[in-house]
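Student: I am new to this structure and would like a close look at a single part of it, the region around one loop. Please go through it slowly, and then turn to some other places in the structure.

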Amino acid sequence: MESTQQTESKIIELKPFADEMVVNMGPQHPSTHGVLRLELKLDGEVVREAIPHIGYLHRCFEKHSENLSYPQIIPFTDRMDYVAAMNQNWGFCLAVEKLLAADESKEFEVPERAEYLRVLICELNRIASHLLSFGTYGMDIGAFTPFLYAFRDRERLLLLFEKVCGARLTYNYIRIGGVSEIIPLEPGSIAEQNFLDEIEEFLDYFEPLIDVYNELLTKNSIFAERTMRVAIMSAEMALSYGATGPNLRGSGVDWDLRRDEPYSIYDRFDFDVPVAVDVPELGAVVGDCWCRYKIRMDEMKQSVRIVRQILAEGLPGGPVMADLKAVRPPKGEIYFRSEAPRGELGFYIVSDGTPKPVRLKGRSPCFSALSALQELSRGLMVADIIAIIGSIDIVMGEVDR
Amino acid sequence: MSDFRAMFVGFPDFNVSENFFPDINLQEKLNWAEEFIQNVLIPRLPEAVAAHFPVELGTVLVMFACAGIFVGVVPLLPLFLVLAERKVAARFQNRTGPMRVGPWGTLQTLADGIKLIFKEDFIPPQGDKLLFLLAPYIIFACSFAVFAAIPFGQNILVSPFNIGIFYIMAISSVIVMGVIMAGWSSNSKWSLLGSLRSAAQIVSYEIPLGLSILTVVMLVESLNMQEIVASQSNGVFSWLIFRSPFTFIAFFIFFISSIAEVNRTPFDLPEAESEIVAGFHTEYSGMRFALFFIAEYANMFAVSAIAVTLFLGGWEGALPGYDILGGLPGFVIKTLALVFLMMWLRWTLPRLRVDQLMNLCWKYFIPIAFFNILGTGIWGLIFPEDTLVSTIISCAIIYIGLIVAYTIAGRTLAQKPEPQPS
């Protein structure tokens, strides 16, 4: 009886495709951008199916937060998307501030100076994040040199961040009710002027370089061949998977929270939202890897524009922290989303009136974008999988949290 | 009649059965070594030793010494080229490259080599041990055997084969065997993917490579490397690249195909580190890995040297009668220039995909190469000898062709608007 069962099970295990090869791509692989594991079912070089397995960088951020006071959670948000940590700080602080504002007895307002500093630093952080994405994407496609160019420029930005908060990667700079005062930047002081001058110097140096990079990589015909018309994500598909940020705009959907649901002081600045269109001269189709990549290149220019406007206006004087005695939000819940470099970063917070949240949930844009990988990669080649992972620009720290 | 046929088909008119290896006459070589011992060595020795000198053993030893010079010098090339590659890459990327070991990091490769020798020689327990051990030696041996037929100078040559270029093609094709063996025996799926990519790539690109060599052979009517060089002795315009418009195209096909043959960017799919980790040598460590590495750089130098020999005058100079870019130094300079070009491409371009790689070969290079052969045949019919008239016409056609290509490319680029999704 037992033996018959065994034979039966063996027969069931026989697969219709006899020459299918299962390959584990990752968690240790040069171009899975961290510790993503892909289970590839290959027919020669053609991918029948690519199943992403996540969780190798899971640190229980959400559960951990339930035992921490709100200001203590901010350093944990740094570790979510460590490439754009400023924006993660900001997203969380915005959500908490919104929750605090529900209590009308304790009125407070984030000072003007802090808002300007937040936009300034976060847009620079967006440039740093997109630079990393540009560099690593070049390396995924096989061009090593853009990677080092990107890191050279990003290094200058990191030095700037170091000047305001002392850290290069995990900043913990933006606080609830303002920004950190650890390294004081007195209004009108020489230190402030030097800082702004350095930013301007960087922008003057960096802005022409974007065009150089476009010449070097974006318009390179091999790069174009590798990325154009590959893994086309239609607008419907992008919306149904919840892809946001450059991935959504790369699919031709004109949506940017900074413009459509302006938070902070974004409504005061003049900037365009790059949205992908067909480029028949080159062969790009809306929603392909090239468009997603190109949106990031264009966004860097827009970020430069925003920072230039701040520099032209100058930072307003005044304090950088609101007068908050203690962060003790009223009973209630909030979901607030902001536009991080990788898309819509949302925080859902349930408060019971104590200094610690009852529940905290982070909505990761990378996680949503990664979920589309399985559908995008079907029937493509191994090399295309790398191109897709690079173009949706995931950071595993944020996917796993 | 036979003359006409040779001219039309363009093939050298030799009888295979009679003189297949006319110059590899072992007895002749032995005679040479024996003469050297009898006439040069023995008179200089003390009489007591000379009387009992084992001439036969000495002969063999002299031959080994000659081979040793060759075998000893050629492996130094990769040592130098690896450092050159790292320095060139560093300059392209605003870095300094290795700076710590020796002055300006010149001994870095040596240090790396010593490190690799002392590393654990890991053999995958589930793999095919014999093939795994054998593969690096096959690749290493084949890539060095190619040097036997490359003329570095008028007299600096291991063996003046009658069929030199054919021998090079044959030997360098065997490398793919080693690659497949390495990939298969590693018992790793990445290695297998890499080795199969490599097999497909090398086998495909051998066709345009061979066809572009054929255009040269048709014009020179010889497979002998020294004769090919000798036919380019009248200065830069007698170099085969300028001999006819078709050889000009053939040079570029040859050079690009050679880049694919030696697995370098933009054709480095077999070892595409961002896709398949390290391709066929993923599982190798220590000295076996170093052998792959050395072979890769030796190959790079070898294909550049072949391109120089076939198209850029070999060791012949750029001006007739003057030794500019001639002799051994000239040959090495020209070869290193091509090597530098390969490095330049590597640090600038991304990598192709497998299907695009095959498209480039089968849809573009092979048809163009066949067209080249047809054209070279007609050219040989019109200009049986390399005269001043044929040179002027050839250079004029190349010049006009380049201008037309430049204008068309320029117009296309000018029309192409800045892609600006807004």
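Tutor: Before the loop can be placed, its two neighbours need a definition: helices are DSSP runs of H or I with at least four residues, strands are DSSP runs of E with at least two, and both are numbered from the N terminus. It should also be said at the outset that this is a predicted model.

The loop in question belongs to chain A, where it runs between β3 (46-53) and α2 (61-65), and A:C60 is found in it. The backbone of A:C60 has a positive phi, near 55°, in a residue that is not glycine. A residue counts as exposed if 12 or fewer other C-beta atoms lie within 10 Å of its own, and because A:C60 has 11 such neighbours inside 10 Å, it is classed as exposed.

The strand on one side of this loop, β3 of chain A, belongs to an open sheet of three strands, set in the order β1-β2-β3 with antiparallel pairing. In this sheet β1 (21-25) and β3 of chain A are the edge strands, each pairing on one side only, and from one strand to the next the twist averages 20°. In general, the strands of a sheet pair through backbone hydrogen bonds, in either a parallel or an antiparallel way. Between β1(A) and β2(A), which covers residues 37-43, the antiparallel pairing extends over five bridges, and within it A:M21 stands opposite A:L42 of β2(A).

A positive phi also appears elsewhere. In chain B, B:N187 is not a glycine, yet its phi is positive, about 55°; it lies in the loop between α8 (164-185) and α9 (189-220) of that chain. B:N187 is partly exposed, because 15 other C-beta atoms lie within 10 Å. Back in chain A, the residue that follows α12(A) is A:G314, with a positive phi near 85°. That helix, α12 of chain A (residues 289-313), has 25 residues and reaches 37 Å from its first C-alpha to its last, which is close to the 36 Å expected at 1.5 Å a residue.

Finally, the two chains touch: 28 residues of chain B are in contact with 38 residues of chain A. On chain B's side, α13 (273-276) and α16 (354-382) each supply at least two residues, and the largest share, four residues, comes from α13(B). Sorted by class, this side of chain B has 13 nonpolar, seven polar and eight charged residues.

Note on methods. Residues are numbered from 1 along each chain as its sequence is written. Chains are lettered from A and ligands numbered from 1 in the order in which they are written. This is a predicted model: local features need pLDDT of at least 70, side-chain atom pairs count only at pLDDT 80 or more; totals for chains, interfaces and linings use all residues. The expected span of a helix is 1.5 Å times one less than its number of residues. A residue is buried if 20 or more other C-beta atoms lie within 10 Å of its own, exposed if 12 or fewer, and partly exposed in between; C-beta atoms are placed from the backbone. Two residues are in contact if their C-beta atoms, placed from the backbone, lie within 7 Å. Ala, Val, Leu, Ile, Met, Phe, Trp, Tyr, Cys and Pro count as nonpolar, Asp, Glu, Lys and Arg as charged, and the others, Gly among them, as polar. Two strands pair if DSSP finds at least two bridges between them. Axes are lines fitted to C-alpha atoms, for helices over the stretch in contact, and angles run from 0 to 180 degrees between N-to-C directions.
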